[in-house]
Amino acid sequence: QVQLVASGGGLVQAGGSLRLSCTASGRTFVNYDISWFRQAPGKEREFVAANSWSGGSTYYADSVKGRFTISRDNAKNTVYLQMNGLKPEDTAAYYCATGWGTTPSAHEYWGQGTQVTVSS
């Protein structure tokens, strides 16, 4: 199996930026597409962005398109989520997961989550 560790969350003012990291260990990381999801209190987990195993394909939720950028460095077993122009509605726990797709149940391995809080 593969273990994922998400990091980089924090408290930021609206309009600010954060970069999240998802670092993998275990099975060969390069074989996996990686996605980011987020979950705010009282809400369902929602898809944010996905990155193919080669890094050649990306996909974003409409709510973050143009503000967030997903990328990866396979040499470092890490996928990044650069978040710019943050809004209070981006406040959530952010999770990375193996796989490609907008449905959480389609993803096998998950990181532990990192909290992002955007103040107005």
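## A buried serine

Ser 35 counts as buried, because its relative accessibility is 0%, and the cut-off for buried is under 20%. The structure is a predicted model. Ser 35 is found in strand β4, residues 34-39.

The side chain of Ser 35 has a polar partner: one of its polar atoms lies 2.7 Å from the backbone oxygen of Gly 99. Gly 99 also appears among the contacts of Ser 35 beyond four places in sequence. That list includes Phe 47, Ala 49 and Ala 50. Tyr 95, Cys 96, Ala 97, Trp 100, Gly 101 and His 107 are on it too.

## The four-stranded sheet

Four strands form an open sheet in the order β1-β3-β8-β7. Their pairing is antiparallel. β1 (2-7) and β7 (68-73) stand at the edges; each has a single partner strand, so one side of each lacks a neighbour in the sheet. Neighbouring strands here are turned by 15 degrees against each other on average, direction ignored.

β1 pairs with β3 (residues 18-26) over six bridges, in the antiparallel sense. In β3, Cys 22 is the bridge partner of Ala 6.

## The whole protein

The protein has ten strands and zero helices. Of its 120 residues, 45% count as buried. Among contacts between residues at least 6 apart in sequence, 56% join residues at least 24 apart.

The radius of gyration is 13 Å, which agrees with the value near 14 Å for a compact globule of 120 residues. The C-alpha trace spans about 40 × 25 × 25 Å along its principal axes. About 6,000 Å² is exposed, with carbon and sulfur atoms supplying 46% of it.

Conventions
Residues numbered from 1 in each chain as written. Predicted model: local features only at pLDDT ≥ 70, side-chain atom pairs only at ≥ 80, totals over all residues. Heavy atoms only, no water. Pairing = 2+ DSSP bridges. Helix = DSSP H or I, 4+ residues; strand = E, 2+ residues; numbered from the N terminus. Axes fitted to C-alpha atoms, helices over the stretch in contact; angles between N-to-C directions. Buried < 20%, exposed > 50% of the residue type's maximum accessible area, 1.4 Å probe, protein only. Polar contact = N/O pair within 3.5 Å; in protein donor to acceptor, adjacent residues only side chain to side chain. Contact = heavy atoms within 4.5 Å. Rg over C-alpha atoms; globule rule 2.2 N^0.38 Å. Areas by Shrake-Rupley, 256 points an atom, 1.4 Å probe, with all protein chains shown as cover.
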